[in-house]
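The report below goes through one molecular structure, beginning with a helix and what packs against it and moving on to ligand surroundings, annotated sites and backbone geometry.

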Amino acid sequence: WAVFAEDVDAILALKRERNAVVLAHNYQTPEIFHGVADIVGDSLLLAREATKVDADIIVLAGVHFMAETAKLLNPEKTVLIPDLGAGCSLAESITAEDVQLMRQRYPGVPVVTYVNTSAAVKAASDICCTSGNALKVVESLGAERVIMLPDEYLAQNIASQTNVKIIAWKGHCEVHELFTASDVRQLRENHPDVTILAHPECPPEVVAEADFSGSTAAMSDFVGKQRPPRVVLLTECSMSDNVAVLHPDIEFIRPCNLCPHMKRITLKNIRDALEAGRHEVTIDPAIAAPARRAVERMLAL
Ligand code: 13P
Ligand code: SF4
């Protein structure tokens, strides 16, 4: 921790001076997650909490779509992302034009869009969802069929839990698509008593062989409540690091994959963001209004 002390102290002072808060996703490194964040959580919690912030500046320690969501919910506040290159393979997999083509192909079928998308894609959708509420959102529409974009595996994992027919897109998370069912079997062979948790962005055959699947917050809750002696979180690497700090008595076995986008955020660029007021997230007002509606409709559920 000593190597981080100077940046952590500077960030804490800057937050006070500038009346700023740091919202950090569960995939941020421990020095950010435990050292400087005011609010930590999954995408759903970060969106919910963003509606309650009364600071002037929000620094989003996470990826660009998360900062855009915070800005949609706080049009009057300054929202900063420390590195503009912090993207997401799911957000890259679809455009607003693609959503319109899906609507033409399936007229009248509602469009549920994962929050891991650009504001323009959200604006072309009826409602957003996160991995924490996707089933609830899909079933809330009272429709026989729903278009669910852009994560094919999340869509398939939700389809296995509902009678609603799901029409999917071909987007994948570059981190979670790497886990395989044979990884799960190997883990069980090597550690017979292990409890395996998988994020729903993992392929369906991985989720089927896991003991539990849920959002990053749901995985963290599961560990805290069930207290398995040995656990594997099939997700991004920092997740285990952050949860393990809270539960020193639990053994975390760590096959994990790094998200290169999440890892672009560092203490150094959070400090720079606060010092220089960069990089400010802006959204075209013509896109922001319908995108906000899709996010707010989700939050109202
Ligand atoms: P959560 O909403 O579960 O935190 O997931 C966000 C994400 O980017 C997972 O890859
Ligand atoms: Fe996107 Fe996957 Fe990274 Fe999450 S882990 S931000 S879904 S690329």
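The buried residues of helix H13 are covered by elements that include helix H2 (30-33), helix H12 (216-226), strand S11 (230-234) and strand S12 (251-253). Contact here is counted between two residues whose C-beta atoms, placed from the backbone, lie within 7 Å, and helices (H or I, at least four residues) and strands (E, at least two) are DSSP runs, numbered from the N terminus. Within H13 (residues 237-246), the buried residues are Ser-238, Met-239, Ser-240, Asp-241, Asn-242 and Val-243; a residue is called buried if 20 or more other C-beta atoms lie within 10 Å of its own, exposed if 12 or fewer, and partly exposed in between, with C-beta atoms placed from the backbone.

The model is predicted, and local features need pLDDT of at least 70, while side-chain atom pairs count only at pLDDT 80 or more and totals for chains, interfaces and linings use all residues. Residues are numbered from 1 along each chain as its sequence is written, and chains are lettered from A and ligands numbered from 1 in the order in which they are written.

**Helix packing**

The axes of helix H4 (residues 64-73) and helix H15 (residues 285-299) come within 9 Å and cross at roughly 95°, where axes are lines fitted to C-alpha atoms, for helices over the stretch in contact, and angles run from 0 to 180 degrees between N-to-C directions. H4 and H15 are therefore roughly perpendicular to each other, since angles of 65 to 115 degrees count as roughly perpendicular, those under 35 as roughly parallel, those over 145 as roughly antiparallel and the rest as oblique. On the H4 side Thr-69, Leu-72 and Leu-73 take part, and they meet Ala-288, Ala-291, Arg-292 and Val-295 of H15. By class, the residues of this contact of H4 with H15 are five nonpolar, one polar and one charged; Ala, Val, Leu, Ile, Met, Phe, Trp, Tyr, Cys and Pro count as nonpolar, Asp, Glu, Lys and Arg as charged, and the others, Gly among them, as polar.

**Ligand surroundings and annotated sites**

Around ligand 1 there are 13 residues, of which Asp-42, Ser-43, Ser-131, Ser-215 and Thr-216 are the closest; a residue is near a molecule if its C-beta atom, placed from the backbone, lies within 6 Å of it. The shell of ligand 1 holds two nonpolar, nine polar and two charged residues. Ligand 2 is likewise surrounded by 13 residues, with Cys-88, Ser-89, Cys-173, Val-175 and Cys-259 coming nearest, and its shell consists of seven nonpolar, three polar and three charged residues.

An unreviewed UniProt entry gives the feature "binding site" for positions including His-25, Ser-43, Asn-116, Ser-131 and Thr-216; UniProt positions are given in the numbering used here, feature names are shortened, and annotations may be inferred rather than shown by experiment. The UniProt annotation "binding site" (unreviewed entry) also covers Cys-88, Cys-173 and Cys-259. Although these cysteines are spread over 172 residues of sequence, they cluster in space, with a largest C-alpha distance of 9.3 Å.

Four annotated residues are set side by side in the table, with contacts that leave out residues up to four places away in sequence.

| Residue | Other C-beta atoms within 10 Å | Contacts |
|---|---|---|
| His-25 | 27, buried | Leu-46, Ala-61, Gly-62, Met-66, Met-262 |
| Asn-116 | 29, buried | Phe-65, Cys-88, Leu-90, Ala-91, Asp-151 |
| Cys-88 | 24, buried | Val-63, Phe-65, Asn-116, His-261 |
| Cys-259 | 24, buried | Tyr-27, Val-175, Glu-236 |

His-25 belongs to strand S1 (residues 20-25), whereas Asn-116 lies in the loop between strand S5 (111-114) and helix H7 (119-123). Cys-88 is in the loop between strand S4 (78-80) and helix H5 (89-92), and Cys-259 is in the loop between S12 and helix H14 (267-276).

**Backbone geometry**

Most residues other than glycine have a negative phi, and most peptide bonds are trans. In this model the bond joining Leu-149 and Pro-150 is cis, with omega about -15°, and Pro-150 sits in the loop between strand S7 (145-149) and helix H9 (152-159). The peptide bond from Arg-278 to His-279 is also cis, with omega near -5°, and His-279 is placed in the loop between H14 and H15.

Asn-19, which is not a glycine, has a positive phi of about 55°; Asn-19 is found in the loop between helix H1 (5-18) and S1 and is exposed, with 10 other C-beta atoms within 10 Å. Arg-227 has a positive phi near 45°, lies in the loop between H12 and S11, and is exposed, with 12 other C-beta atoms within 10 Å.
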